[in-house]
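Biologist: I'm new to this one, and I'd like to hear how each label was earned. Please put it on the screen before we start.

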Amino acid sequence: MKIYLLSPKRIIFTSFLFFAFMLFSASGSFAATYYIDPNGNDATGNGSAANPWKTLYKATSTVTNAGDIIHINTGTYIETQQCNLRVGVSINGVRNTSIIKSALLGQYSVLLSLDSPQDTNGAQSISDITIDGQYVSESNNKTWIGIWITGRSNVTIHDMKIINFRNRGVIFKGVDATDPIMDPGHYATGNKFYNNTLLNSAENNGIYGTGLLNIGGQMGMEIYNNTLIQDQRDDFKNGWPIKFWDNGWLKGCKIYNNILTKAPYKGTYPGENGDWDFCIELFNIEGLEIYNNTILGSIDLNYNRKGAYAFCAWIHHNTIGRTTIANPNFESGIILEFRTESVLIERNIINNVSSGVQFNTRTINNSGGYPNPGGGTPTGGFSYLLDNIIRNNLFSNVYLGNGAGTGSGIIVISESGNDPQINGLDIYNNTIVAKSGDAPFIGLDFTSGENGNSRNINIRNNIVMGFTDSWLRGSSNNTAMSGVVVTHNDAFTNGNNNAPSWPAGIPVNYTYNNNLSVNPLFVSATNFRLQATSPVIDKGIDIGIIYTGNAPDMGYSEFGLGGPLPVKLVEFNVRENNGKNILQWTTATESNSDYFNIERSSNGLTFETIGRVNASGYSSAGVTYYFSDAVPLKGVNYYRLAMIDKDGRYEYSKIVSITSKENQTIGITYIDLSSGTKTASIKINSTQSQAANIFIIDVSGKVVLNANLFLQKGMNTFTKSISLVTGIYYIKLFTKEETVVKNAFSRN
């Protein structure tokens with residue numbers, strides 16, 4: 001967070017006042033802790049440790065002061081009424097031993113509700129409790145929803161076990177609007193969901209499926225280190241682990257380090273009985289990052305716009321698909337529906353699926369129910385595929401399967417019209433291997449493009465094996481493709497004599513050279529890295545990815561660089577200090593580590609090396625490293641680490657980002673405090689629409705005003721009637737990313 005301090009002309013006891021201010025702002029106020037206990041009493045208890053209440057309902061009805069905590073002692077509780085948690089009040093328990101069984105009945109009954117108007121700063125957490133909705137079967141169940149959060153930001157749910165709710169586990173609803181078809185303009189910010197276990201709490205009712213975790217109207221939400229499993233119900237009755245809410249509208253959200261499991265798909269065609277193979281289904285996304293997850297099921301993303309971010313979605317370092325035995329029915333890996341702008345899919349292992357990456361387009365004028373804000377049809381149509389990259393992925397055991405799905409490694413599907421619009425698709429350094437005995441027909445499938453317009457497609461450095469028709473195929477009747485480059489690939493044991501198939505003629509401006517048809521010599525039938533004698537080593541073309549030798553290898557794994565490094569990175573962050581960006585990272589253990597390259601980017605996609613820090617080599621305890629970027633770029637700076645060992649192997653860290661200080665988005669331009677008229681008038685300039693909070697604090701540290709704001713782009717005037725006396729006051733204005741502190745003198 002960036003903090004800007006502006007000094008007044010007159011300061012009294014500046015150091016003391018600032019210390020008091022910061023102490024107060026960190027702690028909020030004098031918080032109290034209240035208790036419930038199985039042996040407590042709602043009628044005679046006062047919520048103290050010595051005289052606790054008996055139910056959460058009593059506690060949430062009584063505890064109303066922000067900063068207060070409700071502590072749930074060890075034991076099992078039965079709740080019969082909806083618990084409404086006030087803003088700023090937190091709940092914690094004793095992990096694994098504080099258990100609440102919900103006995104609420106009725107459609108859409110909710111155990112715990114956090115309901116406020118949009119743009120409310122919740123500033124609270126719920127943790128270390130087991131909540132049980134008591135679902136046994138469709139005819140034997142009680143509560144429908146575990147936790148429902150509406151309108152609140154900065155709510156954290158962690159270390160919870162949420163089980164056996166009929167309909168949904170947790171809902172994060174960020175905006176007042178229900179199912180907005182246009183960008184709602186308001187977003188909850190700062191919400192986090194981590195270290196939780198969710199089981200058996202998402203249904204499919206034959207018309208639609210619900211989620212264990214449902215999210216909508218969120219900006220910057222983080223979902224990590226959770227286990228979400230929905231496979232406990234009968235066939236076609238299981239919902240999804242993660243699903244959109246209120247048509248999604250998600251910006252800059254992250255889903256990482258989770259284990260997500262959906263019941264194997266039993267339908268003979270996608271959507272049968274309202275069921276799909278989705279582990280994650282999200283709508284209307286910008287800047288979404290999905291990484292380091294284990295996903296037994298598919299990812300389905302709809303209406304994927306880049307917006308102000310470097311990508312619509314960055315999907316990387318995930319393991320997707322059934323890990324051991326394939327589902328005999330059709331299942332997908334990654335599905336991208338309607339418009340997809342600047343998706344980056346890299347370094348995933350996608351195993352035992354029927355289609356690895358699938359673009360599902362519709363006709364140009366089909367909006368899917370989400371009209372163009374400018375009216376009419378947007379450039380390229382509502383399903384435009386623009387500047388997308390698929391690289392360094394392993395697609396293994398790609399199978400045809402039972403049912404009506406179209407199996408392929410990478411495929412562009414037109415659900416009607418056969419008119420996909422593609423401008424920029426890079427398919428680099430992937431290994432795509434069909435399943436022996438159940439191989440799909442085509443490895444890279446463009447057969448639905450006869451009425452479309454596909455251009456600027458680059459297919460390089462890939463290994464494609466075992467597809468019965470051809471490894472690459474265009475459409476019949478009309479190719480409708482131009483600017484297609486197919487070079488330095490290895491196609492082996494495919495149909496059509498390992499040549500691409502262009503039934504309607506080759507594309508306009510077609511380049512085809514330096515392709516091979518040789519056995520790439522994988523390590524084994526289950527290990528698709530290259531042996532030292534592989535004939536595809538050094539046979540690729542340089543496209544900007546790190547490699548050893550004279551040229552890149554073909555396939556997803558560069559020989560000598562492919563395996564995971566024995567370096568465990570546990571922390572990586574960046575902060576600003578006097579105009580410099582200070583990077584800090586910590587490793588838990590290291591073995592054979594050599595050095596770290598520090599890489600920087602202005603867009604989150606294209607990086608350059610700006611420095612190097614030597615590694616410790618070997619360590620069994622935590623080691624912390626620092627690097628200072630003395631001259632950051634203007635605007636947003638993205639950083640990542642290339643962790644390189646003594647054998648030349650490498651692995652990338654996550655990406656962190658920070659905005660240069662000169663790009664401050666808020667400023668207090670005018671303050672008028674009047675003790676005579678009891679008013680405060682403050683003018684605030686904002687470079688963008690965003691939520692904010694404002695505090696006015698007197699010299700003793702007492703908060704005389706605490707208000708939530710939503711700043712419009714440009715000048716905002718805030719006027720409030722408050723009780724003031726003559727003297728110095730501190731005004732603190734903060735957003736999620738920035739804090740501005742000014743002080744002023746109250747006049748008569």
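Biologist: How many salt bridges does the structure hold?

Modeller: There are 20 salt bridges. The model is a predicted one, where local features need pLDDT of at least 70 and side-chain atom pairs count only at 80 or more, while totals for chains, interfaces and linings use all residues. Numbering runs from 1 along each chain as its sequence is written, and side-chain values use heavy atoms, with hydrogens and water left out.

Biologist: What makes Lys 173 and Asp 246 a salt bridge?

Modeller: The rule asks for a side-chain nitrogen of Lys or Arg within 4 Å of a carboxyl oxygen of Asp or Glu. In this pair the closest N and O atoms are 2.4 Å apart, so the label fits. Lys 173 sits in strand β12 (residues 168–173) and Asp 246 in the loop between β20 and β21 (250–251), so the bridge ties together parts 73 residues apart in sequence. Strands here are DSSP runs of E with at least two residues, numbered from the N terminus.

Biologist: Are those two residues buried or exposed?

Modeller: Lys 173 and Asp 246 are both buried. That word means under 20% relative accessible area, exposed means over 50%, and partly exposed is in between (1.4 Å probe, protein chains only).

Biologist: Which residue forms a salt bridge with Asp 183?

Modeller: Lys 251 does, with 3.2 Å between the closest N and O atoms. Asp 183 is in the loop between β12 and β13 (188–189) and Lys 251 in strand β21, so this pair ties together parts 68 residues apart.

Biologist: Why is Asp 183 put in its exposure class?

Modeller: Its relative accessibility is 34%, so Asp 183 counts as partly exposed. Lys 251 comes out at 16%, so Lys 251 counts as buried.

Biologist: Where do Arg 600 and Asp 629 lie?

Modeller: Their side chains meet in a salt bridge, 3.0 Å from N to O. Arg 600 is in strand β48 (residues 593–601) and Asp 629 in strand β51 (residues 623–629), 29 residues apart. Both Arg 600 and Asp 629 are buried.

Biologist: Which residues are linked in a network of salt bridges?

Modeller: Arg 95, Asp 128 and Asp 159 are. Asp 128 has another feature: its phi is near 60 degrees, a positive value in a residue other than glycine. Asp 128 is in the loop between β8 (110–127) and β9 (130–132).

Biologist: Why is Asp 128 called buried?

Modeller: Its relative accessible area is 13%, so it earns the word. Asn 352, also with a positive phi, about 55 degrees, lies in the loop between β32 (349–351) and β33. At 3%, Asn 352 is buried as well.

Biologist: What makes Tyr 108, Ile 207 and Tyr 208 a patch?

Modeller: A nonpolar patch joins side chains of Val, Leu, Ile, Met, Phe, Trp or Tyr within 5 Å, each residue having over 30% relative accessible area and no salt bridge. These three form one on the surface, with about 310 Å² of accessible area together. Ile 207, in the loop between β15 (197–199) and β16 (211–216), is exposed at 72%. Areas come from the Shrake-Rupley method with a 1.4 Å probe.

Biologist: How many cavities are there?

Modeller: Five of 30 Å³ or more. A cavity is a set of points on a 1 Å grid where a 1.4 Å probe fits but cannot get out, and lining residues have an atom within 4 Å of a point. The largest cavity has a volume of about 60 Å³, and its lining is Tyr 135, Glu 138, Arg 166, Glu 203, Asn 204, Arg 233 and Lys 237.

Biologist: How does that lining divide by class?

Modeller: One nonpolar, one polar and five charged residues. Asp, Glu, Lys and Arg count as charged, Ala, Val, Leu, Ile, Met, Phe, Trp, Tyr, Cys and Pro as nonpolar, and the others, Gly among them, as polar.

Biologist: What about the second largest pocket: how much space lies in it?

Modeller: About 490 Å³. Of its 31 lining residues, those closest to the centre are Pro 270, Trp 276, Phe 278, Glu 337 and Asn 360. A pocket is an open set of grid points, with protein on both sides within 12 Å along at least five of seven lines. Its lining has 15 nonpolar, nine polar and seven charged residues, and β30 gives the most, with four.

Methods. Points joined across faces, edges and corners; volume = space filled by probe spheres on them. Patch = residues over 30% accessible without salt bridge, like charges linked within 9 Å, V, L, I, M, F, W, Y side chains within 5 Å.
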